[in-house]
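This report describes some features of one protein model. Look at the sequence and the structure first, then read on.

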Amino acid sequence: SGGLPAYNAQFVEPISAMLAARGVPFLRTNNGFSASIPAGSWMDARHINVQGAGLFSRWLGTQMADQIDPSIFR
(Lines give C-alpha, C1' and ligand atoms only; values in the text may rest on other atoms or scores of the structure.)
Protein backbone atom coordinates (compact mmCIF):
# COMPACT_ATOMS: atom_id res chain seq x y z
CA SER A 1 0.00 0.00 0.00
CA GLY A 2 1.07 3.60 -0.34
CA GLY A 3 0.94 3.89 -4.12
CA LEU A 4 3.68 5.42 -6.20
CA PRO A 5 5.43 7.26 -3.32
CA ALA A 6 5.80 3.99 -1.38
CA TYR A 7 6.94 2.13 -4.50
CA ASN A 8 9.56 4.79 -5.15
CA ALA A 9 10.76 4.78 -1.53
CA GLN A 10 10.85 0.99 -1.15
CA PHE A 11 12.13 -0.06 -4.56
CA VAL A 12 13.17 2.65 -7.00
CA GLU A 13 15.30 4.77 -4.66
CA PRO A 14 17.33 1.91 -3.13
CA ILE A 15 17.90 0.25 -6.51
CA SER A 16 18.83 3.48 -8.28
CA ALA A 17 21.20 4.41 -5.42
CA MET A 18 22.91 1.00 -5.58
CA LEU A 19 23.33 1.30 -9.35
CA ALA A 20 24.55 4.90 -9.16
CA ALA A 21 27.21 3.85 -6.64
CA ARG A 22 28.47 1.43 -9.29
CA GLY A 23 28.23 3.89 -12.16
CA VAL A 24 25.28 2.09 -13.78
CA PRO A 25 22.41 4.19 -15.17
CA PHE A 26 18.88 3.49 -13.99
CA LEU A 27 16.34 3.91 -16.78
CA ARG A 28 12.75 4.69 -15.80
CA THR A 29 10.32 3.42 -18.41
CA ASN A 30 7.40 5.29 -16.92
CA ASN A 31 9.05 8.64 -17.62
CA GLY A 32 10.25 8.66 -21.21
CA PHE A 33 8.86 5.50 -22.68
CA SER A 34 5.30 5.14 -21.45
CA ALA A 35 4.10 8.52 -22.64
CA SER A 36 5.21 7.78 -26.21
CA ILE A 37 3.37 4.45 -26.61
CA PRO A 38 0.08 4.53 -28.53
CA ALA A 39 -3.02 3.08 -26.87
CA GLY A 40 -3.07 0.04 -29.18
CA SER A 41 0.34 -1.07 -27.91
CA TRP A 42 -0.81 -1.80 -24.35
CA MET A 43 -2.15 -5.09 -22.98
CA ASP A 44 -3.44 -3.31 -19.88
CA ALA A 45 -2.66 -0.14 -17.93
CA ARG A 46 0.85 -1.30 -16.99
CA HIS A 47 1.92 -3.91 -19.54
CA ILE A 48 2.75 -3.56 -23.22
CA ASN A 49 1.65 -6.04 -25.87
CA VAL A 50 3.60 -7.43 -28.85
CA GLN A 51 3.48 -4.11 -30.71
CA GLY A 52 4.58 -2.30 -27.57
CA ALA A 53 7.45 -4.75 -27.13
CA GLY A 54 8.90 -3.74 -30.48
CA LEU A 55 8.64 -0.07 -29.54
CA PHE A 56 10.18 -0.78 -26.15
CA SER A 57 13.11 -2.64 -27.72
CA ARG A 58 13.91 0.33 -29.94
CA TRP A 59 13.52 2.77 -27.03
CA LEU A 60 15.76 0.69 -24.75
CA GLY A 61 18.43 0.28 -27.43
CA THR A 62 18.49 4.04 -27.96
CA GLN A 63 18.70 4.70 -24.22
CA MET A 64 21.56 2.24 -23.86
CA ALA A 65 23.42 3.62 -26.87
CA ASP A 66 23.08 7.13 -25.44
CA GLN A 67 25.05 5.95 -22.39
CA ILE A 68 28.09 5.02 -24.49
CA ASP A 69 30.89 7.52 -24.82
CA PRO A 70 31.42 7.80 -28.60
CA SER A 71 35.13 8.54 -28.10
CA ILE A 72 35.73 4.85 -27.35
CA PHE A 73 35.21 4.16 -31.06
CA ARG A 74 37.97 6.49 -32.26
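The sections below cover a helix, a surface patch, a pocket and a loop residue.

## The model and its first helix

The model is predicted, not determined by experiment. Helix α1 covers residues 3-21, and Y7 is found in this helix. N8 lies in α1 as well, and so does M18.

These residues can be sorted by how much of their surface is accessible. Y7 has a relative accessible area of 43%, so Y7 is partly exposed. M18 has 42% relative accessibility and therefore also counts as partly exposed. N8 has a relative accessible area of 18%. Because buried means under 20%, N8 is classed as buried.

## Contacts and distance along the helix

Which residues does N8 touch, not counting residues up to four places away in sequence? N8 is in contact with E13, P14 and R28.

A distance can also be given for M18. This residue and G2 are 16 residues apart along the chain, and their C-alpha atoms are separated by 23 Å.

## A nonpolar patch on the surface

Several residues form a nonpolar patch on the surface: L4, Y7, F11, I15, M18 and F26. Together they have about 570 Å² of accessible area. Two members of the patch, Y7 and M18, have already been described: Y7 is partly exposed, and M18 is partly exposed too.

## The largest pocket

Rolling a probe the size of a water molecule over the atoms shows where empty space is left. The largest pocket in this model has a volume of about 440 Å³.

How many residues line the largest pocket? The lining is made up of 16 residues, and those nearest the pocket centre are Y7, T29, N30, S34 and R46. Y7 therefore has two roles in this description, as a residue of the nonpolar patch and as one of the residues nearest the centre of the largest pocket, while being partly exposed.

Helices also contribute to the lining. Both α1 and α2 (29-32) supply at least two residues each. The helix that gives the most is α1, with three residues.

## A buried loop residue

N49 is placed in the loop between α2 and α3, where α3 covers residues 50-66. Is N49 buried or exposed? Its relative accessibility is 16%, so N49 counts as buried.

Leaving out residues up to four places away in sequence, N49 touches G40, S41, W42 and M43.

Notes:
Residues numbered from 1 in each chain as written. Predicted model: local features only at pLDDT ≥ 70, side-chain atom pairs only at ≥ 80, totals over all residues. Heavy atoms only, no water. Patch = residues over 30% accessible without salt bridge, like charges linked within 9 Å, V, L, I, M, F, W, Y side chains within 5 Å. Areas by Shrake-Rupley, 256 points an atom, 1.4 Å probe, with all protein chains shown as cover. Salt bridge = Lys/Arg side-chain N within 4 Å of Asp/Glu carboxyl O. Helix = DSSP H or I, 4+ residues; strand = E, 2+ residues; numbered from the N terminus. Buried < 20%, exposed > 50% of the residue type's maximum accessible area, 1.4 Å probe, protein only. Contact = heavy atoms within 4.5 Å. 1 Å grid on protein atoms, 1.4 Å probe; cavity = no way out; pocket = protein on both sides within 12 Å on 5 of 7 lines; lining within 4 Å. Points joined across faces, edges and corners; volume = space filled by probe spheres on them.
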